[in-house]
Amino acid sequence: MSIIRRVLLGASGNAWLRERATRTPFVMRSVSRFMPGERIDDAIDAARREQTHGIGAILTHLGENLKTAAEADQVTRHYLEVLDRIDAAGLDAQISIKPTQLGLDLDPELCYRNLQRLLDRSGERHRVLWMDMESAAYVDATLALFRRARERSPLVGVALQAYLYRTERDLEALLPLGVTIRLVKGAYLESPRIAYPKKADVDENYYRLACRILDEPGHGGATLLHIATHDSTLIDRLAEHIDTRHVPASAYEYAMLYGIRQPLQQRLAASGRRVRVLISYGEYWFPWYMRRLAERPANLLFVFKNVLSAR
Ligand SMILES: Cc1cc2nc3c(=O)[nH]c(=O)nc-3n(C[C@H](O)[C@H](O)[C@H](O)COP(=O)(O)OP(=O)(O)OC[C@H]3O[C@@H](n4cnc5c(N)ncnc54)[C@H](O)[C@@H]3O)c2cc1C
């Protein structure tokens, strides 16, 4: 892992930096590249625009590691409102939550109760509810929550991270349930004891895991893969696998982040593939933004350009 990536990921948890950065105009201008705005209305407007290109949306309110049950309740109520709003707006949109946003650090039972409220509402609306995967310390608890949620409703999906050695094992344990999986490379700073340190190994593991899901005989609606990457080499390799094995279109979707590789998103959608874009919004964007910079340190150039234009 490069030093710059390590520094940026380390900085993502720094409260002092967060305080200052979120008040700095050039940082805020740089963030707008990845986020349509801080308000839910900004996210809904962006989802509406995506829909005109035949692209669905996943909305996520930024925030993690909440400290009180009242905050977790507030987030849950916010998402209930979002589900009502996307329904009223007739949008092809889903929501994605972070377990620590619903109170996982405080009490897994409290977190599950909040999750259940959202699951019931999104189920009534026939929408998949997504669970993000946070850092490695949360994988066991997140998968335990997911299993309980999956017993309650098939309309729940979870992210798995290809950089973790354990993911192959986790996937094998989940596949017999007929599951909805978002496969990502992984965005956190993890030790080489538990995660592949080399990008080439992460990419290869991603390909293997994605093929394993796509080849799962339990299709017919039971298993859904979100190919959540902007990596065009992987996307092309997987498209070849999909076409050769005649994987049904109902078994997979592409998922990318708002503002990243938009032409690729639109090209895939125009060619008839199902695509969703994950739209983030909210005031607590600093750690999430640092992870976006770390994914592509060349993004720092963009930040510097904004510094210069601010002079
Ligand atoms: C829909 C979705 C949901 C996600 N959910 C989670 C989650 O729950 N947990 C988690 O740990 N991670 C999550 N991630 C992030 C993921 O783990 C990766 O960190 C991120 O997607 C970058 O990896 P990549 O697969 O695009 O491949 P990379 O090899 O990093 O990138 C491939 C190419 O994509 C472009 N690109 C990638 N990132 C950026 C960027 N930030 N800015 C500009 N260009 C970029 C570049 O052209 C790059 O060459 C999610 C990603 C997506 C798309």
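Ala, Val, Leu, Ile, Met, Phe, Trp, Tyr, Cys and Pro are classed here as nonpolar, Asp, Glu, Lys and Arg as charged, and the others, Gly among them, as polar. The model is predicted, so that local features need pLDDT of at least 70 and side-chain atom pairs pLDDT 80 or more, while totals for chains, interfaces and linings use all residues. Residues are numbered from 1 along each chain as its sequence is written, and side-chain values use heavy atoms, without hydrogens and water.

**View 1. The shell around the ligand.** The ligand is surrounded by 26 residues (a heavy atom within 4 Å), and Lys185, Gly186, Thr229, His230 and Glu295 come nearest. By class, 12 residues of the shell are nonpolar, five polar and nine charged. At least two residues each are supplied by β4 (156-161), β5 (180-184), β7 (252-257) and α12 (286-295); helices (H or I, at least four residues) and strands (E, at least two) are DSSP runs numbered from the N terminus. The largest share, three residues, belongs to β7.

**View 2. Polar atoms facing the ligand.** Polar side-chain atoms of lysine 199 and histidine 230 each lie 2.7 Å from an oxygen atom of the ligand. A polar backbone atom of arginine 292 is 2.8 Å from a nitrogen atom of the ligand. The protein covers 88% of the 920 Å² of accessible area (Shrake-Rupley method, 1.4 Å probe) that the ligand has on its own.

**View 3. The surroundings of glutamine 265.** Glutamine 265 belongs to helix α11 (residues 262-270). Its relative accessible area is 0%, and glutamine 265 is therefore buried (under 20%, 1.4 Å probe, protein chains only). Beyond its neighbours within four places in sequence, glutamine 265 is in contact (heavy atoms within 4.5 Å) with Glu50, Ile55, Met256, Leu257, Ile260, Val275 and Val277.

Key
A polar contact is a pair of N or O atoms within 3.5 Å; within protein, one must be able to donate a hydrogen and the other to accept it, and residues adjacent in sequence count only if both atoms are side-chain atoms. Buried means under 20% relative accessible area, exposed over 50%, partly exposed in between (1.4 Å probe, protein chains only).
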